[in-house]
Amino acid sequence: MITIRQMRYFDALATTLHFGRAAEMVHVSQPALSAQIMEMERHLNVTLVERTRNNTLLTAKGHEVLGHIRGILAGVDHLEEAARRSSGMLEGLLRLGLIPTVAPYLVPQMVPHLRRSHPLIEIELKEAITDRLIADLSDGRLDAVIAALPIEGDNLVQRSLFIDTFYMAMADNDSDVLLSPMTETQVDPERLLLLEEGHCLREQALSVCKAASRRSLVNFGATSMTTLLQMVSHDMGMTLIPQMAIATETARTAIRIVPFAEPAPCREIGLIWRRSSARRQDMEALAQSIIESAGSLREEGRGRTAALA
């Protein structure tokens, strides 16, 4: 008999195509995961996975079985969601994804707030770029995602949470003279530092610098806002910083924050969940908790900006 656990292990392996990473995803050892996959193959009397020294691939039968398994797991998740929903508001496991330019700043405020207001909640967090989070949400591996809007997908519900204003971050000893508030035309594309491909903040920075040739933009392939701001503090360039990051990042990095003239560039942060989810009221309660958590965070950022002016 095939178990739900085995199906989840196989789904993780099909997602990562790597036994080690799949084992990490489902929180078991690699030998345990491999043994369960082999047990599935023995029970079905088919080869699901092609194993080589350098690659792990699904066989044609593996792809066929995967479609059935993901349909079954989606049904199981829906059943579990309905059971959790009947037990009370925001009780039990909540699997939440966040983009990297939100997670480090919102999580320290949001998680304690959620635990105070919903003490029976169990929170599982995942940080990744938007495309990966939405894929996991659509496949049922996440219950909700916090990301920059808009997000495409007819099967998704989007709830606006707050507007996050952008500022320009520069080195404290930067010799450039910028008017404050500055205009977007003052942004020197040859000094604008960007996150690596895939981060939505990269595209938002490019939209601020519309007139720049992409060839003139500086790209160090930084994977985090903290790394990017370390480069800024060493006078390697300038970058956009969202308001919610200001209090945290200016407390540990010597940078100068320059506001933009109105209308200042900004991003809209939202909560996204599956339209088919049985946890709509949970999502609304979650959205309200996030709004309350982010409010104090952005107020702290405004105060820090005023102090640095």
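Tutor: Contact, as used here, means heavy atoms within 4.5 Å. The model is predicted, so local features need pLDDT of at least 70 and side-chain atom pairs count only at pLDDT 80 or more, while totals for chains, interfaces and linings use all residues. Residues are numbered from 1 along each chain as its sequence is written, and side-chain values use heavy atoms, with hydrogens and water left out.

Student: Okay, let's start with α2. Which elements do its buried residues pack against?

Tutor: Helices are DSSP runs of H or I, at least four residues, and strands are runs of E, at least two, numbered from the N terminus. Buried means under 20% relative accessible area (1.4 Å probe, protein chains only). The buried residues of α2 pack against α1, α3 (30-44), β1 (49-51) and β2 (56-58).

Student: Which residues of α2 are buried, then?

Tutor: Look along the helix for positions that pass the cut-off for burial, under 20%. In α2 those are Phe19, Gly20, Ala22 and Ala23.

Student: How much of an arc do they cover around the axis?

Tutor: The arc is taken from the directions from the helix axis to the C-beta atoms. These residues sit on the same side of α2 because the arc they cover is only 165°.

Student: And what residue follows α2?

Tutor: Check the backbone just after the helix. The phi there is positive, near 65°, and the residue is His27.

Student: Now His113. Is it buried or exposed?

Tutor: His113 is found in helix α5 (residues 103-117). Its relative accessible area is 17%, and therefore His113 counts as buried.

Student: Which residues is His113 in contact with, leaving aside its neighbours within four places in sequence?

Tutor: With those neighbours set aside, there is a short list to check in the viewer. For His113 the partners are Ser289, Glu292 and Ser293.

Student: Which residues touch the most other members of the largest nonpolar core?

Tutor: A nonpolar core is a set of buried Ala, Val, Leu, Ile, Met, Phe, Trp, Tyr and Cys residues joined through side-chain atoms within 4.5 Å. The largest one has 56 residues, and those touching the most other members are Met110, Ile146, Leu271 and Leu286.

Student: Which element gives the largest share of this core?

Tutor: Count the members by element. The top contribution is 7 residues, and it comes from α5.

Student: How many residues are in the other core?

Tutor: That core lies apart from the largest one. Met7, Tyr9, Ala14 and Val65 are among its members, and its size is 19 residues.

Student: Back to Met110: which residues is it in contact with, leaving aside its neighbours within four places in sequence?

Tutor: Its partners include Ile146, which is itself one of the best-connected core members, touching the most others along with Met110, Leu271 and Leu286. The full list for Met110 is Leu96, Leu98, Leu125, Ile146, Ile290 and Ser293.

How values were computed. Buried means under 20% relative accessible area, exposed over 50%, partly exposed in between (1.4 Å probe, protein chains only).
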